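Okay, thanks for coming, everyone. Let me put the model up on the screen and then walk you through it.

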Amino acid sequence: MRKPQSFQWDSISLGTCYYPEHWDRSLWEEDLERMKAAGIKTIRIGEFAWSKVEPREGEFTYEFFDSFLEIACKAGMKVIFGTPTATPPAWLTEKYPEVLNCRMDGVKFRHGMRRHYNYNSPVYQKLCARIVEKFAGHYASHPSVVGWQIDNEMNCEVDVFYSESDTAAFREYLKNKYNTLEKLNRELGMIFWNQEYTDWDQVYVPRTTIHDSSNPHLTLEYYRFVSESAIAFCRMQSDIIRKYMKQGDFITTNGMFNHLDNHRMMDEALDVYTYDSYPNFAYCLEEDPVHNTSLNDRKWSNHLSRVRSVCPHFGIMEQQSGANGWNTRMEAPAPKPGQMTLWAMQSIGHGADYVSFFRWRTCTVGTEIYWHGILDYDNRDNRKLREVAELYKRVQSIKEMAGAEYEASFAVLEDYDNLWDADVDVWHSRLEKASKKEIFAASQLSHTPMDYVLLSDYTEYEDLKKYPVLFYPHGLLLTKPRAELLKIYVEKGGCLIIGARTGQKEAHGRCVMEPMPGLLSELTKTAVEEFTFVGAVDGKVCMDWQGEQLDTGIFNDVLENVSKDAKVLARYSSNYYAGKPALTETAAGEGKVLHFGGTFTRESVKAMLRYAGALSPYESRIILPKECELCVRKKEGVHYFFVLNYSDKEQEIVLKTEMTEVDSGEKVRGNIRLAGYGVAVLRL
């Protein structure tokens, strides 16, 4: 069982990211006063400013941030301090090049960007520990400082590490886990293509090979190692800060990136989690937003749902405030009037109790000169600043909602083993991406709110029981504890829905020599007879279920009905396996399991949710068009309905129950018009 969240904001509030090192001191006081006038009361500082405290090795000076914090304290501004380890200074990387990360072919990433270090360099760990000790020891007691952000966006930019330090650490990781080379060779299938090791010095992190195809089982283990390294680096800093921080302050980090067990990092090192939300990525010029307009920026609702699985009451450290882009990539148009508010309310609707905009003012130098802030280069008041001030007024009317629970009708199970295996295995990846995208689309377009839930060997029934329906789309890697937990969930009344390839592999990613769904076969009473991708020449392969022809996606497992206890709900209606079972239902205890042989599509997901009684749970109270998202949070018996219009066109919603419009305090019912990019918050 995971530990309870140790910090929550007591009211919904706004902040921004500020970089005093980028601006003349004459602007500091005025900037803070303008922020306060717009409702911003918290700022994040310091995460890229190592040299402001240690300009040369071993030489420490605190004057710069002392001066700034004096002004912040006078203004009554709260401060979240970042540790500066994401951008080591030039003196460090020049003297100690071993701290630098490398490409797979061994070429070092040089000074001039960010996050160019590796977690496992002993000298970098030592120097980071020292600078964090200096930052925390000097600034943690300051009355304006209320929180600490560790590093910046762990595993962002790169989520693989190929330095010599990483190879040395990886060898130790494998020695501790497998003890002997004989066991490592056996468990990781090194016999294939004569890859067996006879000496530990032969073991490396993945290296450049033909087609960059390395042993998949060793690579999966390597991704686990990368996660362990990042968590240890974060925990090292957290342990230092805790020696100095005031009671009531918090430790966090920002963003959510790959090859990192964010749940473990939260449990072992953090008090609260914060995310960086940039829905405008959907409109980058390199994207094709025209053909999927109703779900473009709603992808971030999917991301926010994953964040909520890590930390139910999270914060946003960086919220989109203007156009995004570096001088080298990610060009994008400016958010339209109303979108800045829409995206901030999207975050709040999904569980954020603190929203901090990136950034206060667009930087005039460096790589991010096109990553626009609230203010532009000219420093004048603008529509974005006015939008922040209006948002603040709206937030004031719901500030007591902090801590409200997000209400989901069903959940999708995820585990890091399968997420990382999908990075190793393109067959797995293709299925994973297709089904997750469609499950989310079905949730959005049917207004059936969903959660993600972590499945690990430490997950307990208590973590699952509130969800009447759980999807486990493609759990290729399956362990006995997880299979047993899913069995308990079903027997106690849950509806579990599994998809193609379930149970194909064991924990190391090796295929098991038994019929799929492997460890769940006893529960489903089924076996997979054969399987295939659906090729272009096959056309769409459907199943006939309840009078509907439903697309079975890009991959089909043909299910063998091995027990009279397994009821065939649908059969394939085309391809060479026409007439064979595509969907079965098996009762177990008080619940049931649906075994689906395909990948999920939005129509098949809606049909399954309808069958399980979980589709559109609020339609007796509110009717929405597909252009709108519904988020529901609940606190002390009060429901807050967030209706978010992602279209630039006015939309009509229908309230079948009288509710209170939060902004005005008026009672409303019947047909309501919602402006383009508009947001309604309704209390019931």
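So, how much space lies in the second largest cavity? About 50 Å³. Before I go on, some housekeeping: this is a predicted model, where local features need pLDDT of at least 70, side-chain atom pairs count only at pLDDT 80 or more, and totals for chains, interfaces and linings use all residues. Residues are numbered from 1 along each chain as its sequence is written, and side-chain values use heavy atoms, with hydrogens and water left out.

What do I mean by a cavity? On a 1 Å grid over the protein atoms alone, it's a set of points where a 1.4 Å probe fits but cannot get out; a pocket is an open set with protein on both sides within 12 Å along at least five of seven lines, and lining residues have an atom within 4 Å of a point. Points are joined across faces, edges and corners, and the volume is the space filled by probe spheres set on them.

With that rule, we get two cavities of 30 Å³ or more. The second largest has Leu413, Glu414, Asp415 and Lys436 in its lining, among others. β10 (410-414), α12 (416-424) and α13 each give two or more residues to that lining. Helices here are DSSP runs of H or I, at least four residues, and strands are runs of E, at least two, numbered from the N terminus. By class, this lining has four nonpolar, three polar and four charged residues. For the classes, Ala, Val, Leu, Ile, Met, Phe, Trp, Tyr, Cys and Pro are nonpolar, Asp, Glu, Lys and Arg are charged, and the others, Gly among them, are polar.

The largest cavity comes out at about 80 Å³. Fourteen residues line it, with Tyr406, Ser443, Gln444, Pro449 and Glu629 nearest its centre. Its lining splits into five nonpolar, eight polar and one charged. α9 (299-310), α13 (426-445) and β22 (628-635) each supply at least two of those residues.

Staying with α9 for a second, that helix is where serine 305 sits. Serine 305 is buried, at 4% relative accessible area; buried is under 20%, exposed over 50%, partly exposed in between, with a 1.4 Å probe and protein chains only. Leaving out residues up to four places away in sequence, serine 305 touches His350, Met450 and Tyr452, a contact being heavy atoms within 4.5 Å.

Now the pocket. The second largest one holds about 960 Å³. It's lined by 41 residues, and Ser213, Ser214, Asn215, Pro216 and Thr219 are the closest to its centre. α7 gives the largest share of that lining, seven residues.

On to the sheet. Eight strands form an open, parallel sheet, in the order β5-β4-β3-β2-β1-β8-β7-β6. β5 (250-252) and β6 (274-277) are at the edges with a single partner strand each, so one side of each has no neighbour in the sheet. Pairing here takes at least two DSSP bridges between two strands. Inside the sheet, β2 (residues 40-45) and β3 (residues 78-82) are joined by four bridges, and threonine 42 stands opposite lysine 78.

Last stop is β17 (residues 555-561). Five of its seven residues are buried, so the rest of the structure largely encloses it. β17 pairs with β14 (residues 526-533), antiparallel, over seven bridges. One partnership to find on screen is threonine 532 in β14 with asparagine 556 in β17.
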